Amino acid sequence: MAERVFITGMGLITAIGDNVMENLRSLRLQQSALGPTRHIDTIHKDILPVAEVRHSTEQLAVMAGAPGVQGYTRTTLLGLIAMKEALQSAGLTEADLPAAGFVNASTVGGMCDTEKVYFDIINPDKQGEFLDYIDTLDCADCTQRIADETGIGAHIATISTACSSSANALMYGARLIKHGQLDLAICGGTEALTRFTINGFNSLKNIDKQHCKPFDRDRNGLNLGEGAAYLVLESESQVKRRGARVLAELSGYCNANEAFHPTAPSPEGDGAYNAMKQALAMSGRTIGEVQYVNVHGTATLNNDASEGKALLRLFGDKVPMFSSTKPFTGHTLAAAGAIEAIFSVLAIREQMVFPNLNFSEKMEEADVTPETRLLEQFPVQNVISNSFGFGGNNASLVISRYE
Amino acid sequence: MNKHRCYIQGSAAISAQHTFDGDFFSAPMVTTSTNNLVAAEPDYKAFIPPNSLRRMSRMLKMGLTAALKAVQNSGQPAPQVIVTGTGKGSLSDTEKFIRDIEQYQERALNPTPFIQSTYNSVNGLIALQQQSTGYNNTFVHRGFSFENALLDSMLQLHEGVGNTLTGAFEEMTDEHFYIKSRIGFWKDTPTGNAAMFDHNTSGSISGEGATFFMLGTERTPNAEACVTGMKMLYKPSAEALNKALPVFLEQHGLKPTDIDLVITGRNGDINTDHYYRVLLSAHCPATPEVPFKQLCGEHDTAGAFAVWLGAQILKHQQLPDMLQSYATNVPDPIRRILIYNHFIGEQHTFFLLEQA
């Protein structure tokens, strides 16, 4: 268990940009991408804002270098675009990939495309090209297509723990490296917007009709988003062997369950507190050494109250700068953990703290105020990134400056 | 995974056979004349209070019940870690929510099927019921779902946790059976599980079930068997597969002749059953072999059932009556079992089990 785990590459696509540089630019310009959906057929189109990747699925196929391939869902294409950037950013070549592992995350697999043809699929009288999408519903479909397209072959897994999925993917990849099972693992998640999830969260009365307001007194729910993000993790010895450029260290992580309620967090934030505390302990850093927390901050009533209390429990009166970046990207479910892990790396590399948009007044439940300004030249050494999900799944990552 | 070994301290399986209660070893095989082997659901009331039961869908009931029984059978306290695998999660909830959206035109939807369709909903329920606040993870990768859950559990044990509750669950619905029939998953004519190996046709027989294990590093009084190794191979070439088996055995200090019994995932599909034939005839031609999918049907997490079956054989030191006809020359004692399973020719796994 001696190996340290380093982040040596990253790639992402979200509503605020097609790659890491574009995302960083939008964060700097404080440009959110929330708005009406252009690609989903739903009665909520003009009522519930989403953070949608602006390109059509056909355009994404061109960007992914796979135009006209039947059976590639939007989920797969988003993933493929992020994956290609991650591999390039790490300087990995084709020869490196058969020995690489791939730990992907997804909450509804290829639902984005399957739901459009589902009633044809179950209708014996219908025949057609939709049959190519019959087996794309499950979460492994996008993982395998991305692995097959890139040639990653040593280990393959898909994780689905709701909104903490890709944080858990990063954790599993890091542990496979620490145990010597792999030297190189590419981990993250991909999520496309669907009518299924929009209606799911809407039926839970969890979606705000306005742009979400994390940690605000008047917050009223989340906005969904889509995107994909992957980080290249490598063992210390492999980094030396390959002469890889290290972007940051994944110095700590923890997955803890609340065992409280199927969908709601505990009022005192037990799971969030445990996850952050144990992840920090593993990293060997103290609470005073954390300069920034990229909170889960969905802007639901329950999450922010509970996460705010957990921050107070862990940090007392010394809560570090924190912000939710979900008003930029929307809540991208399975991709959120990896997207925000990349934002955490950017916070360290660019010495920045990203603003929590749409905040005006502190909530009553917890005496915490998110950072609303864009801070540049701010000395960020260690970041905690939180992802909490249904089923009581709480995950925290600690990302540290490489030294 | 070579240096890691763990004990199956207790287990439970819900399948088409009488594996959950009843005498699995002397019972005749439950058969169907259709191509869909449906799980024999137990009386859930002994495990789940009636008011919770009413709200839960079939997959949640099956998963939670198998999990609770495995803990009970182990005689161990609540698990510290819960890791599961499922290829499809609660299919009936997913289908119901898709239909509700259409039927009610996206208005006034009941959120319950959406919540229960989430792949980690079974895990969340088990954690809630057992008050297990530790590590909790769900793998959803077809024929590597249970396998990654087992690997993750073994890593957890190696990292020092006392025990893990590790399992898999899968449900088949009429609708999904039809969907998969459109891409040739099942045999064209009703064949039944008893005759699934006799037809030399493509496709298999579908199945479902829930299988859970309490795993730990300690050899507890109820311990059934030891998991000593596992190897996953994703879409291996014939050559890679052929090389992998002897390497896997060698990594565990074994020769092919050290294996007393091979359990294979043969499923009667002429397109993919050759993998088993070729590999075994090359490396273990004289080792007795029993297939298992006639008992539980083909599904993403059938590998979990195979591990359960292997553990029962090692614990009871005999083959169940329903498997006797497949292998007559099983050695006594049965010390070591190799399981080789693949799912639709894509995800291949070797498991190594030993007497506890």
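Colleague: Before chain A, what does buried mean here?

Modeller: Buried means under 20% relative accessible area, with exposed over 50% and partly exposed in between, using a 1.4 Å probe and protein chains only. This is a predicted model, in which local features need pLDDT of at least 70, side-chain atom pairs count only at pLDDT 80 or more, and totals for chains, interfaces and linings use all residues. Residues are numbered from 1 along each chain as its sequence is written, chains are lettered from A in the order in which they are written, and side-chain values use heavy atoms, with hydrogens and water left out.

Colleague: How many residues has chain A, and what share counts as buried?

Modeller: Chain A has 403 residues, of which 68% count as buried. The C-alpha trace of chain A spans about 65 × 50 × 40 Å along its principal axes.

Colleague: What is the radius of gyration of chain A?

Modeller: The value for chain A is 20 Å, which agrees with a compact globule, because a globule with 403 residues would have a radius of gyration near 22 Å. The radius is taken over C-alpha atoms, and the globule rule is 2.2 Å times the number of residues to the power 0.38.

Colleague: Turning to the interface, how many residues does each chain give to the contact?

Modeller: Chain B gives 59 residues and chain A gives 63 residues, where contact means heavy atoms within 4.5 Å. The area buried between the two chains is about 5300 Å², with carbon and sulfur atoms giving 59%; buried area is the accessible area (1.4 Å probe) that two parts lose on being put together, summed over both.

Colleague: How many salt bridges are there between chain B and chain A?

Modeller: The count is ten, a salt bridge being a side-chain nitrogen of Lys or Arg within 4 Å of a carboxyl oxygen of Asp or Glu. One of them joins A:Asp138 and B:Lys88, with the closest N and O atoms 3.0 Å apart.

Colleague: And helix H7 of chain B, which of its residues are buried?

Modeller: They are B:Glu175, B:His176, B:Phe177, B:Ile179 and B:Lys180. These buried residues pack against helix H4 (111-121) of chain A together with H3 of chain B. Helices (H or I, at least four residues) and strands (E, at least two) are DSSP runs, numbered from the N terminus.

Colleague: Why does B:Ser132 count as buried?

Modeller: B:Ser132 counts as buried because its relative accessibility is 4%. This serine lies in the loop between H5 and S3 of chain B. Leaving aside neighbours within four places in sequence, the contacts of B:Ser132 include A:Asn257 and A:Ala259, as well as B:Pro79 and B:Ile82.
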